[in-house]
Amino acid sequence: MQDIVIEVVGPVGDCAVLKVAGEVDVFTAPKLREQIIDLAAKGTVHVIADLSAVQFLDSTGLGVLVGGLKRLRTQDGTLSLVMTTDRISRIFKITGLTAVFASHSSVQDAITADPHWKQVVEGAAGSVAEWCGSNSLA
């Protein structure tokens with residue numbers, strides 16, 4: 001069993017990136033849930049979860065992401081996903097959650113696709129590419 005590693009990038013305005021690595025399962029998913037709850041409680045309601053380094057995701061992990069999306073939406077927020085592996089993308093396709101979550105191939109693409117994110121990041125760093133580069137997200 002591999003543990004989960006979660007790094008918060010930001011927040012910038014009311015936006016933050018969660019870089020998630022390892023396994024998101026029944027044992028580790030509560031850490032992800034608490035991180036999303038903590039961000040939302042502090043007013044960071046536009047979140048991108050970068051799952052590109054996730055090796056395994058079970059139904060508990062899916063439940064945490066769906067619950068996080070619902071929580072953020074109640075505060076007019078968003079939760080977008082970055083998925084770069086077929087293994088993780090396939091889980092979302094099989095469960096039909098590709099219709100629920102905005103998914104992207106990179107954090108930069110996720111930011112560019114969301115007008116709110118784009119405006120906040122450009123206001124803070126000048127460009128999306130600069131912000132991603134300075135935060136090791138390129």
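This report walks through the fold of a predicted model, from its sheet to its cores, helices and odd backbone spots.

## The sheet

Let's start with the strands. Five of them make an open sheet, and they line up in the order β1-β2-β3-β4-β5 with mixed pairing. At the edges sit β1 (4-12) and β5 (102-104), each of which has a pairing partner on one side only. If you ignore direction, neighbouring strands in this sheet are turned by 20° against each other on average.

Strands of a sheet pair through backbone hydrogen bonds, and they can do that in a parallel or an antiparallel way. For β1 and β2 the sense is antiparallel, with seven bridges between them. To find your way along that pair, look for V9, which faces V17 in β2, and then for V12, which stands opposite C15 in β2.

## The β1-β2 hairpin

β1 and β2 form a hairpin, with two residues between the strands. G13 belongs to the turn and takes a positive phi of about 60°.

There's another backbone feature to look for in this part of the chain: the peptide bond between G10 and P11 is cis, with omega at about 0°. P11 is part of strand β1.

## Helices on the sheet

What does α1 lie across? That would be β1, β2 and β3, and α1 runs at about 175° to β2. Helix α5 (residues 115-125) also packs on the sheet and touches β1, β2 and β3, but its direction makes about 110° with that of β2.

## The largest nonpolar core

The largest nonpolar core has 28 residues, and the members that touch the most others are L32, L51, L79, L81 and F92. Quite a few elements chip in: β2 (15-24), α1 (29-41), β3 (46-57), α2 (59-73), β4 (78-82) and α3 (86-95) each give two or more residues to this core.

L32 is a handy residue to click on. Setting aside neighbours within four places in sequence, L32 is in contact with I4, I6, L18, V20, V24, V64 and L65.

## A second core and V120

There's also a second core, separate from the big one, with 16 residues that include C15, A110, V120 and L137. V120 sits in helix α5. Is V120 buried or exposed? With a relative accessible area of 18%, V120 is buried, because the cut-off for buried is under 20%.

Which residues does V120 touch, once those up to four places away in sequence are left out? They are V12, G13, D14 and C15. For a sense of scale, take V120 and F92: they are 28 residues apart in sequence, and their C-alpha atoms are 28 Å apart in space.

## The two sides of α3

α3 has buried residues at I88, S89 and F92. Viewed down the helix axis, these buried residues fall within an arc of 100°, so they line one face of α3. The general geometry helps here: an α-helix has 3.6 residues a turn, so residues three or four places apart point the same way.

The buried residues of α3 pack against β3, α2 and β4. Flip to the other side of α3 and you'll find D86, K93 and I94, which are exposed. Just after the helix comes G96, with a positive phi of about 80°.

## Positive phi without glycine

Two more spots are worth a click. D76 isn't a glycine, yet it has a positive phi of about 60°. D76 lies in the loop between α2 and β4, and its relative accessible area of 66% makes it exposed.

S136 is the other one: not a glycine either, and with a positive phi of about 55°. You'll find S136 in the segment after α6 (128-134). S136 counts as exposed, at 57% relative accessibility.

## The annotated domain

Now for the database record. UniProt, in an unreviewed entry, places the feature "domain: STAS" at residues 17-114. In the model, the end C-alpha atoms of residues 17-114 lie 13 Å apart. That span is 46% helix and 29% strand.

Key. Residues are numbered from 1 along each chain as its sequence is written. This is a predicted model: local features need pLDDT of at least 70, side-chain atom pairs count only at pLDDT 80 or more; totals for chains, interfaces and linings use all residues. Side-chain values use heavy atoms; hydrogens and water are left out. A nonpolar core is a set of buried Ala, Val, Leu, Ile, Met, Phe, Trp, Tyr and Cys residues joined through side-chain atoms within 4.5 Å. Buried means under 20% relative accessible area, exposed over 50%, partly exposed in between (1.4 Å probe, protein chains only). Helices (H or I, at least four residues) and strands (E, at least two) are DSSP runs, numbered from the N terminus. Contact means heavy atoms within 4.5 Å. The arc is that of the directions from the helix axis to the C-beta atoms. Two strands pair if DSSP finds at least two bridges between them. Axes are lines fitted to C-alpha atoms, for helices over the stretch in contact, and angles run from 0 to 180 degrees between N-to-C directions. UniProt positions are given in the numbering used here, feature names are shortened, and annotations may be inferred rather than shown by experiment.
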